[in-house]
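Grab a coffee and work through these short exercises with the structure open beside you. Try each task before reading its solution.

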Amino acid sequence: MTRYEKKLVSKKELRSLCGIPYSPQHIARLEAAGQFPKRIRLGQNRVAWLLSEVEGWLDERIAKREASLNH
């Protein structure tokens, strides 16, 4: 993994990246179901996600949308 791939995003940045205001509970449910990248605990009250994994998750959603539009 390169240095760029190790960039982390906070909860606030995650909301901005996803474009919709996911609640912390919704993100936790998606993570538990294996439908969203797992968080990285940075401290007692601090978590973040790998940017590359979140971007991959978004890319999958876009690909699914494109596939459904083409059928």
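**Exercise 1. Find how much accessible surface the chain has, and what share of it belongs to carbon and sulfur atoms.**

Solution. Keep in mind that we're working with a predicted model. Start with the total: the chain's accessible surface comes to about 5400 Å². Then split by atom type: carbon and sulfur atoms account for 53% of that area. Now turn to burial: of the 71 residues in the chain, 24% are buried.

**Exercise 2. Write down the order of helices and strands along the chain.**

Solution. Count the elements to begin with: you should get 3 helices and 3 strands. Next, read along the sequence, and the pattern comes out as β-α-α-β-β-α. For a look at how the chain folds back on itself, take the contacts between residues at least 6 apart in sequence: 46% of these join residues at least 24 apart.

**Exercise 3. Work out how helix 1 and helix 3 are oriented to each other.**

Solution. Locate the pair: helix 1 covers residues 11-18 and helix 3 covers residues 51-69. Their axes lie 11 Å apart and make an angle of about 25 degrees. Angles under 35 degrees count as roughly parallel, so that's what we call helix 1 and helix 3. As for handedness, their crossing is right-handed.

Who makes the contact? Helix 1 brings Leu-14, Leu-17 and Cys-18, while helix 3 supplies Leu-51, Val-54, Trp-57 and Leu-58. Sort the residues of this contact by class and you end up with 7 nonpolar, no polar and no charged ones.

Terms used: Residues are numbered from 1 along each chain as its sequence is written. This is a predicted model: local features need pLDDT of at least 70, side-chain atom pairs count only at pLDDT 80 or more; totals for chains, interfaces and linings use all residues. Side-chain values use heavy atoms; hydrogens and water are left out. Axes are lines fitted to C-alpha atoms, for helices over the stretch in contact, and angles run from 0 to 180 degrees between N-to-C directions. Helices (H or I, at least four residues) and strands (E, at least two) are DSSP runs, numbered from the N terminus. Angles under 35 degrees count as roughly parallel, over 145 as roughly antiparallel, 65 to 115 as roughly perpendicular and the rest as oblique. A crossing is left-handed if the near helix is turned anticlockwise from the far one by less than a right angle, and right-handed if clockwise. Contact means heavy atoms within 4.5 Å. Ala, Val, Leu, Ile, Met, Phe, Trp, Tyr, Cys and Pro count as nonpolar, Asp, Glu, Lys and Arg as charged, and the others, Gly among them, as polar. Buried means under 20% relative accessible area, exposed over 50%, partly exposed in between (1.4 Å probe, protein chains only). Accessible areas come from the Shrake-Rupley method with a 1.4 Å probe; for residues, only the protein chains shown count as cover.
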